[in-house]
Amino acid sequence: MNELFQGAIKFYEEDYNNEKAFYTSLQENKPHTLFITCVDSRIDPNRLTQSKPGELYVVRNIGNMIPPFRDEDDNIADGYLATTSSIEYSIKKLKVKNIIVCGHSNCGACAAAYNHEMLSEMPYVKKWLELLKPTISRVNEMKPESDHKRVWLTELQNIQQQLYNLLSYPFIEEKFNRGELQIYGWYYNLMNGQILNYNIITREFKSIISDTPLH
């Protein structure tokens with residue numbers, strides 16, 4: 001813990017004081033992109049995108065998931081409000097222009113979804129991972145021949161599912177259809193640093209470096 005305190009001191013003495021004009025300019029919250037990703041400690045959205053404070057509005061949860069839209073007549077209070085309220089605020093109040101849903105390799109959430117014994121000891125996690133049911137159903141239809149491939153396919157399919165969940169929100173679908181909002185699905189490979197982008201129109205992943213389709 002002492003390292004974190006020392007890091008905070010170093011930030012103030014070096015980063016903040018060396019760029020005081022920049023940091024004091026951040027009086028208004030005006031991000032251009034909503035970045036939805038996993039709580040995994042290995043994911044650093046700002047470092048991954050080389051962005052500065054003030055550019056990303058970051059929402060993090062287990063498995064980078066977006067609950068499907070529920071209207072006010074469908075008991076909205078049960079609608080995973082920590083995530084959904086953040087999404088609503090970023091679109092309606094902050095008026096972000098882009099949304100990135102960023103999943104990753106070696107995802108503990110995608111693996112845990114198949115570990116029923118472990119989930120029996122974590123009821124809150126078990127409840128949250130119910131959002132993976134549509135994804136798991138599609139993966140099972142693919143009949144993966146190994147546990148490793150099953151988790152990998154779940155990671156990829158999960159990203160696709162979350163994009164469709166996003167578009168179930170009328171205020172997102174409307175802006176997307178008018179071209180006022182861009183939506184991207186990223187898959188970050190922890191082993192090689194590569195990022196694959198999912199094209200929601202062609203329904204395929206391509207490396208943002210080589211632009212080569214992933215089959």
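This is a short dialogue on reading a predicted model of one protein chain.

Biologist: Where do we start? How many helices and strands does the chain have?

Modeller: Begin with the secondary structure. The chain has ten helices and seven strands. Remember that this is a predicted model.

Biologist: What does the radius of gyration say about the chain?

Modeller: Set the value beside a rule for globules. The chain has a radius of gyration of 19 Å, and the globule rule gives 17 Å for 215 residues. The two values are close, so the chain is as compact as a globular protein of that length. For the extent, follow the principal axes. The C-alpha trace spans about 55 × 40 × 40 Å along them.

Biologist: How do I read contacts in the chain?

Modeller: Look at how far apart the partners are in sequence. Take the contacts with a separation of 6 or more: 61% of them join residues 24 or more positions apart.

Biologist: Can you show me one such pair of positions?

Modeller: Take S86, in helix α4. S86 and V59 are 27 residues apart in sequence, yet their C-alpha atoms are 7.0 Å apart in space. Leave out residues up to four places away, and S86 touches Y57, V59 and L81.

Biologist: Is S86 buried or exposed?

Modeller: Buried. Its relative accessibility is 18%, and the cut-off for buried is under 20%. Across the chain, buried residues make up 39% of the 215.

Biologist: And where is an exposed residue, such as L4?

Modeller: L4 is in helix α1, residues 2–18. L4 has 58% relative accessibility, so it counts as exposed. Now pair L4 with Y114. They are 110 residues apart along the chain, and their C-alpha atoms are separated by 35 Å.

Biologist: What makes up the accessible surface of the chain?

Modeller: The total is about 13,000 Å². Carbon and sulfur atoms account for 52% of that surface.

Biologist: How many positive and negative side chains are there?

Modeller: There are 23 positive and 27 negative side chains. Then compare where the two sets are centred. Their centres lie 3 Å apart.

Biologist: Let's turn to cysteines. What is a disulfide?

Modeller: It is a covalent bond between the sulfur atoms of two cysteines. In this case, the structure holds zero disulfides.

Biologist: Which cysteine sulfur is nearest to that of C38, and how far away is it?

Modeller: That of C107, 4.7 Å away. C38 is in no disulfide. At 5% relative accessibility, C38 is also buried.

Biologist: Why is there no bond between C107 and C110?

Modeller: Check the distance. The sulfur of C107 is 3.8 Å from that of C110, its closest cysteine sulfur, and that is too far for a bond. A disulfide needs the two sulfurs within 2.5 Å. C107 is buried too, at 3% relative accessibility.

Biologist: Next, backbone angles. What sign does phi usually have?

Modeller: Most residues other than glycine have a negative phi. So look for exceptions to that pattern. N64 has a positive phi of about 45°, although it is not a glycine. N106 has a positive phi of about 55°, and it is not a glycine either.

Biologist: Where do N64 and N106 lie?

Modeller: N64 sits in the loop between β2 (56–61) and α4 (81–92). N106 lies in the loop between β3 (98–104) and α5 (108–112).

Biologist: Are they buried or exposed?

Modeller: N64 is buried, with a relative accessible area of 2%. N106 is partly exposed, at 42%.

Biologist: Which residues does D40 contact beyond its sequence neighbours?

Modeller: Set aside the neighbours within four places. D40 is then in contact with R60, H104 and N106. D40 itself lies in the loop between β1 (33–38) and α3 (45–49).

Biologist: Is D40 buried or exposed?

Modeller: D40 counts as buried, at 14% relative accessibility.

Methods:
Residues numbered from 1 in each chain as written. Predicted model: local features only at pLDDT ≥ 70, side-chain atom pairs only at ≥ 80, totals over all residues. Heavy atoms only, no water. Helix = DSSP H or I, 4+ residues; strand = E, 2+ residues; numbered from the N terminus. Rg over C-alpha atoms; globule rule 2.2 N^0.38 Å. Buried < 20%, exposed > 50% of the residue type's maximum accessible area, 1.4 Å probe, protein only. Contact = heavy atoms within 4.5 Å. Areas by Shrake-Rupley, 256 points an atom, 1.4 Å probe, with all protein chains shown as cover. Lys, Arg positive; Asp, Glu negative; His and termini not counted. Charge placed at Lys NZ, Arg CZ, Asp CG, Glu CD.
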